[in-house]
Amino acid sequence: MILHQFRYDLMAFLRNRQSRFFTLVLPILFLVIFVSVFGNHEIGPQNVKASTYYVPGIAALAVIAGSFVNLVISVTAQRESGVLKRRRATPVPAWVLIAGRALTAIAVALVVMTILLLIGRFAYGVKLPTSTIPGVVLTAVVGAVTFCCLGYALTTVIKDEDAAQPTVQALILPLYFISGIFIPNVNLPTWLRDVAEVFPVQHLADGLHHAFDPATHGAGLVWSDIGVLVLWAAAGLVVALWRFTWTPVAATG
Amino acid sequence: MDDAVITVQALSKRYGAVEAVAGIDLEVRRGEIFAFLGPNGAGKTTTVEILEGFRRRSSGDVRVLGVDPEDAGADWRNRVGTVLQESAPEPGLTVRECLQLYAGYYDTPRDIDETIAIVGLAEKAETLGEHLSGGQRRRLDVALGLIGDPELIFLDEPTTGFDPSARRAAWGVIGGLRELGKTVFLTTHYMDEAENLADRIAVIADGRIVAEGTPRTLGGRERMAARITFTLPAGADARELPLSGASANGRVVIESDRALSDVKIIADWALARGLDLPDLDVRRPSLEDVYLQLTRGPE
């Protein structure tokens, strides 16, 4: 039943031009742009090539775009247009709807990450992580689930679909900047790095950076990062379970 | 009583100090089309949403298909179809895909192509939902409400925004549900819709049921005075009329409890004077007249 929901959610996702652009095309553009800016020289704390730095960073962005940004916007729109309410009038259990949507986010995240990886490998010669593949996949999946939970939590405070896009961007853009996604955060003042440490973006990016670092051995898992992500996921889940509504919010007064 | 699909006893719903539904009783029997009418803000939507399991009541007893909708589960939802007042099509899916998605939610769904045909969307089956016209979207909504092959279907203002021919087509669909043995709980603002479709009607105003009956008998309609109207012919004086009535802009209006004999009195009077009354009209109160009388607020 989850797969049934997943199939149609994914189909709807892929048919939406905005979803395609922001989750599939934009991360690739970002990768190309940032690698060009830094001329693929060695950067960052580990002195890796720009491309090796940006593939995991932009992969983190792609995971967040597919799970958090897209989910908040589409779920808010579906709630306000009565689509969620109509689904709830059927026998389908709530968790199937939620899991199906989350699975879509995870699948999209993994696909985009694979594309970024292949571009990195063939255009910029980024070494594919082999021993750290479990770390890459697990970190990405935990990240996607975390940002799905946070996405559902965030929809509870957004009134309508017009407010969804600016709210989610205002939250996430600064975090991209301070969490080492756009610029290596060694360039940031300490206090700003401390702020970034609190939020999950930093930990998803750090987990993926670590897994992609050629100096990393073993499975490439950073348990502290996974731990912080899981804590955020739990917090998001609690808020979502407590506050999430299936019926339009703006209409009822 | 076991053919009652919906029974409501002393249902009330309070929002703070406001009593939106103030103790109503309803009974809907198997296989009938029941129209639930009332002005906006009368408690209609609140009542429907309580019956659909979307809202909790403050007090009273509600049974829908023998179950309290407040703790109804998937079994109950398998037997109930819901066409909400407002809901957009599933984004990014065609008509057929929408129905395939929803068919997967039910234990024993109807045939998809047949359901598309029932609502007259066969030619639009491969069209994206968001590319349908307003009337077509509504028909898709009805199809989604039917796909689970429910025993009971809620239709909340199913034809709002339809043009007259689309409305007629929709009536055909809804009337067809009766042939299929379904019970229909219908709300509408169109009195001709209720008159055409409903076996029984209840009217809610200010949170109370103010009338209940068939379209013919609602609010004592069958006993209400008829209205005889005609234009006074040139040369005749209203004071000469054998019956008293109101006169405005040369048009005479007579309220009559005995329409047949009153028409004869007027006809005899006119014929004796060699007058014709070419626009003579005898009209029983329409359902809309009755409804407006029943729901007129204290102003």
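This short talk goes through two helix packings in chain A, a sheet in chain B, and the contact of the two chains.

Before the details, please keep in mind that this is a predicted model, in which local features need pLDDT of at least 70, side-chain atom pairs count only at pLDDT 80 or more, and totals for chains, interfaces and linings use all residues. Residues are numbered from 1 along each chain as its sequence is written, while chains are lettered from A and ligands numbered from 1 in the order in which they are written.

Let me start with chain A, where helix α2 (residues 17–37) and helix α3 have axes that come within 9 Å and cross at roughly 160°; helices here are DSSP runs of H or I with at least four residues, strands are E runs of at least two, and both are numbered from the N terminus. The axes are lines fitted to C-alpha atoms, for helices over the stretch in contact, with angles running from 0 to 180 degrees between N-to-C directions. α2(A) and α3(A) are therefore roughly antiparallel to each other, a label for angles over 145 degrees, just as angles under 35 count as roughly parallel. Among the residues that meet, α2(A) gives A:F22, A:L26 and A:F30, and α3(A) gives A:Y54, A:I58 and A:L61, where contact requires C-beta atoms, placed from the backbone, within 7 Å.

The second packing involves α3 (residues 50–80) and α6 (residues 133–155) of chain A, whose axes come within 8 Å and cross at roughly 30°, and these two helices are therefore roughly parallel to each other. In this contact, the residues of α3(A) include A:V63, A:F68 and A:R79, and those of α6(A) include A:A144, A:F147 and A:Y152.

Turning to chain B, we find an open sheet of 3 strands in the order β2-β1-β4 with antiparallel pairing, and two strands pair if DSSP finds at least two bridges between them. β2 (18–29) and β4 (59–64) of chain B stand at the edges with a single partner strand each, so one side of each is left without a neighbour in the sheet. Strand β1 (residues 4–15) of chain B is joined to β4(B) by 5 bridges, and one of the partners in β4(B) is B:V64, which bridges to B:I6. Helix α1 (residues 44–51) of chain B packs on this sheet, touching β1, β2 and β4 of chain B.

Finally, the contact of the chains takes 22 residues from chain B and 17 residues from chain A, and on the side of chain B the largest share, 3 residues, comes from α3(B).

How values were computed
Parallel < 35°, antiparallel > 145°, perpendicular 65-115°, else oblique. Contact = placed C-beta atoms within 7 Å.
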